[in-house]
Every structure is written in structure tokens, then in C-alpha cells.
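User: I would like a close look at one part of this model and at what surrounds it. Please take the reader through it with care, and give the cut-offs behind each term.

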Amino acid sequence: MQDFIAFKAEVKKQLALREWTHADLAKAAGCSKGTIDSFMCGVRCSDRITKSITEALGIPEHMST
């Protein structure tokens, strides 16, 4: 991922617009809340997690590459 900070900011924006928590995103993305928490802290950054978050929130593909 080229710009993790911009992607993370977009995720936070989309969560705020939907009034979702990390638990809501985890349910929509098909992963655990701990995985989302780790991703947002920058500990776990895999393509699989990024793709599932991108699809769950409808974030443009170019932001996740």
C-alpha cells in the first residue's frame, strides 16, 4: 500500500459517516474486531484485510493499492 495514512483516514471517515464501530466493520468485512483494531494501529497490514475493508466500505480501489 502506497499511503497507509490516507487509507486509514478514509476508513475512519467512512466509519464516522455510517456511525459504525470497529466491531461493525469487522462483521461487514468478515474478520474479527481484533484484526480491525490491529490493522488500524498499523500492526497488521495484509492485502487480504485491506481488500475486505475496501469492499465492506466501498472505498475506491486505487486508495488500497
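Which residue has its charged end over the ring of W20, and how far is that charged end from the centre of the ring? From there, please concentrate on helix α1, its buried side and what covers that side.

Analyst: The charged end of R18 sits over the ring of W20, at 5.5 Å from the ring centre; the criterion is that NZ of Lys or CZ of Arg lies within 6 Å of the ring centre and within 35 degrees of the ring normal. This is a predicted model, in which local features need pLDDT of at least 70 and side-chain atom pairs count only at pLDDT 80 or more, while totals for chains, interfaces and linings use all residues. Residues are numbered from 1 along each chain as its sequence is written, and side-chain values use heavy atoms, with hydrogens and water left out.

Helix α1 runs over residues 4-18, where helices (H or I, at least four residues) and strands (E, at least two) are DSSP runs numbered from the N terminus. At 1.5 Å a residue, its 15 residues should span 21 Å, and the C-alpha atoms at its ends are indeed 21 Å apart, which agrees; the expected span is 1.5 Å times one less than the number of residues.

The buried residues of α1 are F4, F7, E10, V11, Q14 and L15, with buried meaning under 20% relative accessible area, exposed over 50%, and partly exposed in between (1.4 Å probe, protein chains only). These residues cover an arc of only 135 degrees around the axis, which puts them on the same side of α1; the arc is that of the directions from the helix axis to the C-beta atoms. On the face turned away from this buried side, α1 carries the exposed residues I5, A16 and L17.

The cover over the buried residues of α1 includes α2 (22-29), α3 (33-41) and α4 (47-57), contact being defined by heavy atoms within 4.5 Å. Seen from α4, the buried residues are I49, T50, S52, I53, T54 and L57, and they pack against α1, α2 and α3. One of them, I53, is in contact with F7, V11, L25, A29, I36 and F39, leaving aside its neighbours within four places in sequence. K51, by contrast, is found in α4 but is exposed, with a relative accessible area of 52%; its C-alpha atom is separated by 20 Å from that of L17, 34 residues away along the chain.

The aromatic residues of α1 deserve separate attention. A search of the whole structure finds two aromatic pairs, where rings of Phe, Tyr and Trp (its six-membered ring) pair if their centres lie within 6.5 Å, and planes under 30 degrees apart count as stacked, over 60 as edge-to-face and the rest as tilted. F4 and F39 form an edge-to-face pair, 5.4 Å centre to centre with 75 degrees between the planes, and this pair links distant parts of the chain, with F4 in α1 and F39 in α3, 35 residues apart. Both F4 and F39 are buried. F7 and F39 also form an edge-to-face pair, 6.0 Å centre to centre with 90 degrees between the planes; F7 lies in α1 and F39 in α3, so the pair ties together parts that are 32 residues apart in sequence. Ring pairs thus link F4, F7 and F39 into a cluster.

The largest nonpolar core has 15 residues, of which F7, V11, L25, I36, F39, I53 and L57 touch the most other members; such a core is a set of buried Ala, Val, Leu, Ile, Met, Phe, Trp, Tyr and Cys residues joined through side-chain atoms within 4.5 Å. The elements giving two or more residues to this core are α1, α2, α3 and α4, and its largest share, four residues, comes from α1.

Two further positions complete the surroundings of α1. E19, which follows α1 with a positive phi near 60 degrees, is not a glycine and lies in the loop between α1 and α2; at 71% relative accessibility, E19 counts as exposed. At the other position, I59 lies in the segment after α4 and, at 5% relative accessibility, counts as buried. Not counting residues up to four places away in sequence, I59 touches F7, E10, V11, Q14 and T54. Between α4 and I59, G58 takes a positive phi of about 70 degrees just after α4.
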